[in-house]
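Let's take a walk through a protein chain together, one step at a time. Keep the 3D view open and turn it as you read.

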Amino acid sequence: MAVDHRQHHLQFVRSALAVLTAPLQGIAQLPVSAVDWFSETFATRHRLQDDNATLREANLILKARLQKLEALEAENLQLRNLLDSSIKVGERVLIGELISVDLDPYTQQITINKGSTSGVYEGQPVLDAEAVMGQVVHTTPFTSRVLLVTDTSHAIPVQVQRNGLRTIAVGTGRTNQLELPYLPINADVRQGDMLVTSGLGGTFPPGYPVAVVSTVSRRAGEAFPHVLATPQAHLDRVREVLLVWTMSPLQVLQAQEQARSAEPAVPAVAPAPAAVAQPGTVAKPKAHAAPAGGSAPGPKSPGQKKPPQPPAGGGGSR
């Protein structure tokens, strides 16, 4: 156990055992799947009509919001191109299903039915339909273990959406509570503030909701306030999760170059015509020599007579 924990020599053995036990996990999941199938099959007609109407209304609202989002994204891309800034593109996602929950009361981990054969990697962010859930900590060919944001060993960089204040949210071991232990006593954080991912650390993409501040307690004589937040993800009820792939720095640079090449070429302003059109400019290259007319140029002569003299050490600059 010590060798496996510190040097990971048994990784292949664990992956092989996970492949062998995958059918057993499917068999153990059969009763739940059967109950879901029967409940969906024998649902009443009235219930299906209500669900259909609700889904149609939600779909209409989401389509309207999507139209606005597409317009804002296009405008944002144009502004970033004008400012020659980095381009944020949409992330690729994969839907996974929860197959088991860790029963250890001191850990907050779940197992999903997507593994390395689906492209899942360790450290990959995991979300649900509402907010960030956690990140992948171990993968097998067909399954992955996800460490939830509420685990005591998990920390996520966040920022207050209202004012951009950055901090770190740490798990407390409870599914409905996060802690912000690294804020100064005079930090501008209030109850009801939304916490979103800051993008620092490179694991979680920026801008995704994490939690809402629920308690802010400042006690006299303490250097840090006691701030608690409630996660927005349904950690204790979710069945489907989203695995997110973010864009690598190399892909960002390639996207920037493509965006620049797609822009229309702007003709450069030619500074030469003004200098070539003047007849006196033909003699300008010989201005370092003695000027015609024999008159001393005054203070300009020291800087103009030095170039014709051969430099002593071969150097070209003083």
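The paragraphs below go from the whole chain to its strands, its core and a few single residues.

First, some ground rules. This is a predicted model, in which local features need a pLDDT of at least 70 and side-chain atom pairs count only at pLDDT 80 or more, while totals for chains, interfaces and linings use all residues. Residues are numbered from 1 along each chain as its sequence is written, and side-chain values use heavy atoms, with hydrogens and water left out.

How confident is the predictor? Its confidence in each residue is called pLDDT and runs from 0 to 100. The chain has an average pLDDT of 76, and 73% of the residues score at least 70. Some parts score lower: across residues 265-308 the pLDDT stays under 50, and the model has nine contacts there beyond four places in sequence. Residues 310-318 also have a pLDDT below 50, with zero contacts beyond near neighbours in sequence. A contact here means heavy atoms within 4.5 Å.

Now look at the chain as a whole. There are six helices and twelve strands; these are DSSP runs numbered from the N terminus, with helices (H or I) of at least four residues and strands (E) of at least two. Of the 318 residues, 25% count as buried. Buried means under 20% relative accessible area, exposed means over 50%, and partly exposed lies in between, with a 1.4 Å probe and protein chains only. The chain exposes about 21800 Å², and carbon and sulfur atoms supply 59% of that. Such areas come from the Shrake-Rupley method with a 1.4 Å probe, and for residues only the protein chains shown count as cover. Among contacts between residues at least 6 apart in sequence, 55% join residues at least 24 apart.

Next come the strands. Strands of a sheet pair through backbone hydrogen bonds, either parallel or antiparallel. Two strands pair here if DSSP finds at least two bridges between them. In this model, six strands close into a barrel in the order β6-β7-β8-β11-β10-β9, with antiparallel pairing. Try following β9, residues 194-197: three bridges pair this strand in the antiparallel sense with β10, residues 209-217. Within that pairing, V196 has P209 as its bridge partner, and M194 stands opposite V212. β9 is also joined by three bridges to β6, residues 155-160, again antiparallel; there, V160 has L195 as its bridge partner.

Strand β1, residues 92-101, has pairings of its own. Six bridges join β1 to β12 in antiparallel fashion, with R92 opposite W245. Three bridges also join β1 to β2, antiparallel as well, and here S100 stands opposite T111.

What lies inside? A nonpolar core is a set of buried Ala, Val, Leu, Ile, Met, Phe, Trp, Tyr and Cys residues joined through side-chain atoms within 4.5 Å. The largest one has 36 residues, and M133 and L195 have the most contacts inside it. Elements giving two or more residues to this core include β2, β6, β10 and β11, while β12 gives the most, with four residues. You have already met L195 as a bridge partner of V160; beyond four places in sequence, L195 touches residues including V158, L180, Y208 and A229.

Finally, visit a few single residues. S198 sits in the loop between β9 and β10 and counts as buried because its relative accessibility is 14%. Beyond four places in sequence, S198 touches P157, V158, Q159 and P206. T139, in strand β4, is buried too, because its relative accessible area is 12%.

F224 lies in the loop between β10 and β11 and counts as partly exposed because its relative accessibility is 47%. F224 and I185 are 39 residues apart along the chain, yet their C-alpha atoms are separated by 4.7 Å.

One last stop: how many aromatic pairs does a search of the whole structure find? The search finds one. W37 and F38 form this edge-to-face pair, at 4.9 Å centre to centre and 80° between the planes. Rings of Phe, Tyr and Trp (its six-membered ring) pair if their centres lie within 6.5 Å; planes under 30 degrees apart count as stacked, over 60 as edge-to-face and the rest as tilted. F38 counts as partly exposed because its relative accessibility is 45%.

Technical notes
pLDDT is the predictor's confidence in each residue, from 0 to 100.
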